[in-house]
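Me: Please take a close look at one loop of this model, starting with its backbone. Then work outward through the rest, briskly.

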Amino acid sequence: MATEELATRLLFNGLVLASVYILVAMGLTLVYSILHIVNFAHGEIFMLGGLVAYYLFEQLHVSYLLTLIAAMVLVGCLGLIMERLFFRPLRGRFFESLIISLALIMVLQQSTGVLAGAKPKSVTSPFPGIVQAFGLTFPIDKLIVIAISIILLIALYFFVKRSRLGQAMRAISLDPEAASLQGVNVDNVSTLGFGVGCALGAAAGVLMAPILYVDPFVGAGYVMKAFIIIVLGGVGSVPGVLLGGLLLGEVESFAGTLASVAVAQIIAFGMMILVLVFRPRGLLGRAHQ
Amino acid sequence: MVSTNRNKLIACAVVGLLMVLFPVYASSPYYLYVVTLLYINVILAVSLALLGRTGQWSFAHAAFMGIGAYSSALLTTQAGVSFWLALPIAGVMAGIVSIAIGYPAIRLKGTQFILASFAFGAIVMQIFPNIRTDILGGFSGMIGVPRPSIGRFEFNSPASYYYLLLVAMLFTVFVMHRIHRSRFGMVLRAIGEKDSLAESVGINIARYRVLAFAIGCFFAGMAGSLFAHFNRSVLPTDYLYMVSFYVLVYVVVGGLGTPIAGPIIGAALLFSLVQFLGKLGPYEVLGYGLVLLVVMRFMPRGITGLRISRPRFLKEKQGAKVHAAT
């Protein structure tokens, strides 16, 4: 393959990777940046979205859009329950919340395996076909994933900046006491915020299901990557998620192909450590605290 | 007062006797194997509790165990070093590497430190299976790691290694006990409870954190060496973050307030739980997750953190008695 072809191909793959990570990270950034909860189980939320896609879209032939909405609602509600039952009593204690999120991973993964079977399932692509450009072929479904992730990112940005719920969440993240003095119901907003975060995670799962596959463990690898891009871009910053995602996606694409997967992983985690040590607020994060 | 001390002493003596005589009454070598593994987990748990005392919890504890395991295996198989020397060196290797992440990461807050330690552990465990696969064995790991020996006597039998580990575990617990009772240990606790306050009193947080981290990882490295020589092999998959997670769970479930009793109780209970859950076959991990969920939800302070109080109606009765007397 000629160098420009290779470079274009790698660039595109990096964009696809970036979109995946960004999609997963969008829900996670709400939960982590604003509610300060380290929810490692977000990967399983993602997985459940894919599961809904399998049962509704693939098996029952429900329309893709309806599936997306259904997944967001169903898994979002699960998120509400999870926050109310497990994370709210442990608010402020990050270490215990972390452990409980890991326990949730086990329970969600294993119950899915028991109830739905552990064999990987595939979901047919709702957008089949390819597009020719620059002398290369690009799958349409991946282009759509890239496009949707950009749209959702913009929507998330305005949600956090302008919407009342988003502002309430930011207020809580800065100072819960002051926020409640301003009339913000910290409990309800936290629960709702967590639910929205899970809904986004499920949406990511629905979008990625045709491109990946559906099995109980598909989400586990993506959570850490999502944390990496949130850390890279800056905790609390939506544009940061975009930047972090692009950075990680492209680095992984190039390093993974030109060197090896192991090298790509090392670089990815290495970047996270470097940012944490030398610029903890991230590339686009605001210096506070 | 005297009687409580005497009771404690008696309890210790009984437990001690049970531990020493265990190989005699254990009904099968399997149980010997399990309890030996438990002792390794106790070493891991108390060493993690030490470095977590300052509030910086490490998700890389298993990776440091791996560093110790590989070091010890390499020294004994490639360099002809005796186990008794390889063991402390393995700890030292882990301790030195821990400074590579511990020092730059001192100022990181809890959530950030956990992420950084996770990343570090991930990097370390990517390196081992991918370099010098001729010596390190790649993903299949190293085999032929020898059991230790003193002169003619080789620690081949399950009972001999059990006693080795019993001594190692007791030694570790003793050292931890001395550390936590010392001024160093008090400072660690102070930093863990309120680091800003400790700093304002003039404590050099960085130095204490790095030191605690290094000591904790030193013992993790030695645990790795003991584990490797126990299994006579080093498998990279044995040192992944899942193991770190299990050790973290021992400490949390045991109770964060007590840095020695907590981890020991947590390790003992959960390790036994895992053995029991093994009978559930495919539902083992699910069972573990559910138990953990319930425990974390209702006993976040862990077992040693439980406040057991008398039931209400008894309290009122006692109050009535007092009033009646007056």
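Reply: Start at B:Arg132. This residue sits in the loop that joins helix 5 (110-127) to helix 6 (133-136) of chain B. The model is a predicted one. In it, B:Arg132 has a positive phi, about 40°, although it is not a glycine.

Chain A has a residue to set beside it. A:His61 is not a glycine either, and its phi is near 55°, again positive. A:His61 lies in the loop between helix 2 and helix 3 (64-87) of chain A. Is A:His61 buried or exposed? It is exposed, because its relative accessible area is 66% and the cut-off for exposed is over 50%.

Stay in chain B and move on from the loop. B:Met142 is part of strand 1 (residues 142-143) of chain B. Its relative accessibility is 4%, so B:Met142 counts as buried. Which residues touch it, beyond those within four places in sequence? B:Met142 is in contact with B:Tyr70, B:Ala73, B:Leu74 and B:Thr77. The list goes on with B:Ile135, B:Leu136, B:Ser233 and B:Val234. There is also a long-range pairing in sequence terms. B:Arg232 is 90 residues from B:Met142 along the chain, yet their C-alpha atoms are 8.6 Å apart.

Back to helix 5 of chain B, the helix before the loop. It is one of the elements that helix 9 of chain A packs against through its buried residues. The others are helix 1 (3-35), helix 2, helix 10 (238-258) and helix 11 (261-278), which belong to chain A. Helix 9 of chain A spans residues 220-233, and 12 of its 14 residues are buried, so the rest of the structure largely encloses it. The buried residues include A:Tyr222, A:Lys225, A:Phe227 and A:Gly233. A:Ile228, A:Ile229 and A:Ile230 are also among them. After the helix comes A:Gly234, with a positive phi near 120°.

That leads to the contact between the chains. Chain B puts 39 residues into it and chain A puts in 35. Together the two chains bury about 3400 Å², with 83% of that area on carbon and sulfur atoms. Three residues of chain B stand out. B:Leu115, B:Leu293 and B:Arg297 supply 19% of the area chain B buries against chain A, more than any other three residues.

Next, the empty space. The second largest pocket holds about 1100 Å³. It has 32 lining residues, and those closest to its centre are B:Val173, B:His177, B:Ile260, B:Ala261 and B:Ile264. Which elements of chain B give at least two residues each to this lining? They are helix 1 (2-25), helix 2 (29-52), helix 7 (158-181), helix 8 (183-193) and helix 12 (261-277). By class, the lining has 23 nonpolar, five polar and four charged residues.

Enclosed space comes in smaller volumes. Two cavities of 30 Å³ or more turn up in the whole structure. The largest cavity is about 60 Å³. Among the residues that line it are A:Tyr64, A:Phe127, A:Asp141 and A:Leu207. Helix 5 (residues 140-162) of chain A contributes most to that lining, with four residues. Nine of the lining residues are nonpolar, one is polar and one is charged.

The second largest cavity has about 40 Å³. Its lining includes A:Phe46, A:Met47, A:Gly50, A:Leu51 and A:Gly205. Helix 2 (42-59) and helix 8 (186-208) of chain A are the elements that give it two or more residues. Helix 2 of chain A gives the most, with four. Here the classes are nine nonpolar and two polar, with no charged residue.

Last, the cysteines. How many disulfides does the structure hold? It holds zero, over all chains. Take A:Cys198 as a case. The closest cysteine sulfur is that of A:Cys77, 10 Å away, which is too far for a bond because a disulfide needs the sulfurs within 2.5 Å. A:Cys198 is buried, at 0% relative accessibility. B:Cys217 is buried too, with a relative accessible area of 0%.

Terms used. Residues numbered from 1 in each chain as written. Chains lettered and ligands numbered in written order. Predicted model: local features only at pLDDT ≥ 70, side-chain atom pairs only at ≥ 80, totals over all residues. Heavy atoms only, no water. Buried < 20%, exposed > 50% of the residue type's maximum accessible area, 1.4 Å probe, protein only. 1 Å grid on protein atoms, 1.4 Å probe; cavity = no way out; pocket = protein on both sides within 12 Å on 5 of 7 lines; lining within 4 Å. Points joined across faces, edges and corners; volume = space filled by probe spheres on them. Nonpolar A, V, L, I, M, F, W, Y, C, P; charged D, E, K, R; others polar. Contact = heavy atoms within 4.5 Å. Buried area = accessible area lost by both parts, 1.4 Å probe.
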